[in-house]
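Here are my notes after a pass through this one. I've kept them as separate points so you can pick up whichever is useful.

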Amino acid sequence: MLTIWGRISSINVQKVVWAAGEVGQSFERIDCGGPFGGLREPMFLAKNPNAQIPVLEDGDVCIWESNSIVRYLAARYGAGWIWEEDPARRADADRWLDWMQSALQPALMPVLWGLVRKVPEYTAPETVAAGVAKAEALMAILDQHLTDRSFLGGERFGMADIVVGCGAHRWLNMPVERIARPQVERWYKTLAARPAAAPALVLPVA
């Protein structure tokens, strides 16, 4: 059985929990990080010297960085399913994982921290507005991409849908006025209906 270290309110932990469910792997999740603390304990630092969640343990294998964990789970347990064997199709999925990490997630951060978590450094209206503007531009790209396909990679669900879907959930459930994105909303509803998404995706944004 897998062990996933990290609090479920973390978007990065949500990715891993969802991915494990999609590939049919049972797991134990151990709360740590945020209000649970524990990231600076020697035991945890031995698993991830960066003192960050999530961490995945699979027997003797120990991995940190959420997108790397999703790739590992997909490749080891979801080959031919959420993992693409063809290099071109896998690169197509990989670019969306990287887009989430380098573009969408940073855009969403000041909105989350300003409006939901009320972190003082991010509550200024102009800070929140800048994040919303960046997120809107990125969601326009996502909406256009989904115009002629059911999922990010085409007609088959894949690992990119897990990672970007967690970002879409956060955006669609934060207290902001949003431009309607019908393709994103249609795609998100499909994702939210997946049984493996239930423990991770359809949660209050916190």
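1. Starting with the empty space: α4 and α6 each contribute at least two residues to the lining of the largest cavity. Keep in mind as you read on that this is a predicted model. The cavity encloses about 110 Å³, and the structure holds 2 cavities of 30 Å³ or more.

2. Who lines that largest cavity? The residues are Ile82, Glu84, Arg89, Asp92, Ala93, Leu152, Gly153, Arg156, Gly158, Met159, Ala160 and Asp161. By class they split into 5 nonpolar, 2 polar and 5 charged. Among the charged ones are Glu84, Arg89 and Asp92.

3. The second largest cavity comes in at about 50 Å³. Its lining is made of Ser9, Gln14, Cys166, His169, Arg170, Leu203, Pro204, Val205 and Ala206. Here α6 supplies the largest share, 3 residues. The class count is 5 nonpolar, 3 polar and 1 charged.

4. Now the open space. The largest pocket holds about 550 Å³. It has 23 lining residues, and those closest to its centre are Ser10, Ile11, Asn12, Ile53 and Gln105. The elements giving two or more residues to this lining are α1 and α4, and α4 gives the most, with 7 residues. The lining divides into 10 nonpolar, 9 polar and 4 charged residues.

5. Helix α1 deserves its own point. It covers residues 11–22, and at 1.5 Å a residue its 12 residues should span 16 Å; the end C-alpha atoms sit 17 Å apart, so the model agrees with expectation. Just after α1, Gly24 takes a positive phi of about 75 degrees.

6. Is α1 enclosed or open to the outside? Largely enclosed by the rest of the structure, because 11 of its 12 residues are buried. The buried set is Ile11, Asn12, Val13, Gln14, Lys15, Val16, Val17, Trp18, Ala19, Ala20 and Glu22. Note that Lys15 and Glu22 are on that list, and that Gln14 also turns up in the lining of the second largest cavity. As for what does the covering, it includes β1 (2–5), β2 (27–30), α3 (66–77), α4 (87–116), α6 (159–172) and α7 (182–192).

7. On to the packing. The largest nonpolar core has 66 residues, and Trp18, Leu73, Leu142, Trp171 and Trp187 touch the most other members. Elements that put two or more residues into this core are β1, α1, β3 (55–58), α3, α4, α5 (125–145), α6 and α7. The largest share, 10 residues, comes from α4. So that you can place one of those well-connected members, Trp18 is among the buried residues of α1.

8. Leu142 is a handy residue to click on if you want to see the core from inside. Leaving out residues up to four places away in sequence, Leu142 touches Trp96, Trp99, Leu152, Val164, Val184 and Trp187. Two of these link back to earlier points: Leu152 helps line the largest cavity, and Trp187 is listed with Leu142 among the members of the core that touch the most others.

9. Last, a small check on a strand. Thr3 is found in β1. With a relative accessible area of 15%, against a cut-off of under 20%, Thr3 counts as buried. Again leaving out residues up to four places away in sequence, Thr3 touches Glu28, Ile30, Val55, Leu56 and Glu57.

Terms used:
Residues numbered from 1 in each chain as written. Predicted model: local features only at pLDDT ≥ 70, side-chain atom pairs only at ≥ 80, totals over all residues. Heavy atoms only, no water. Helix = DSSP H or I, 4+ residues; strand = E, 2+ residues; numbered from the N terminus. Expected span 1.5 Å × (residues − 1). Buried < 20%, exposed > 50% of the residue type's maximum accessible area, 1.4 Å probe, protein only. Contact = heavy atoms within 4.5 Å. 1 Å grid on protein atoms, 1.4 Å probe; cavity = no way out; pocket = protein on both sides within 12 Å on 5 of 7 lines; lining within 4 Å. Points joined across faces, edges and corners; volume = space filled by probe spheres on them. Core = buried A, V, L, I, M, F, W, Y, C linked by side-chain atoms within 4.5 Å.
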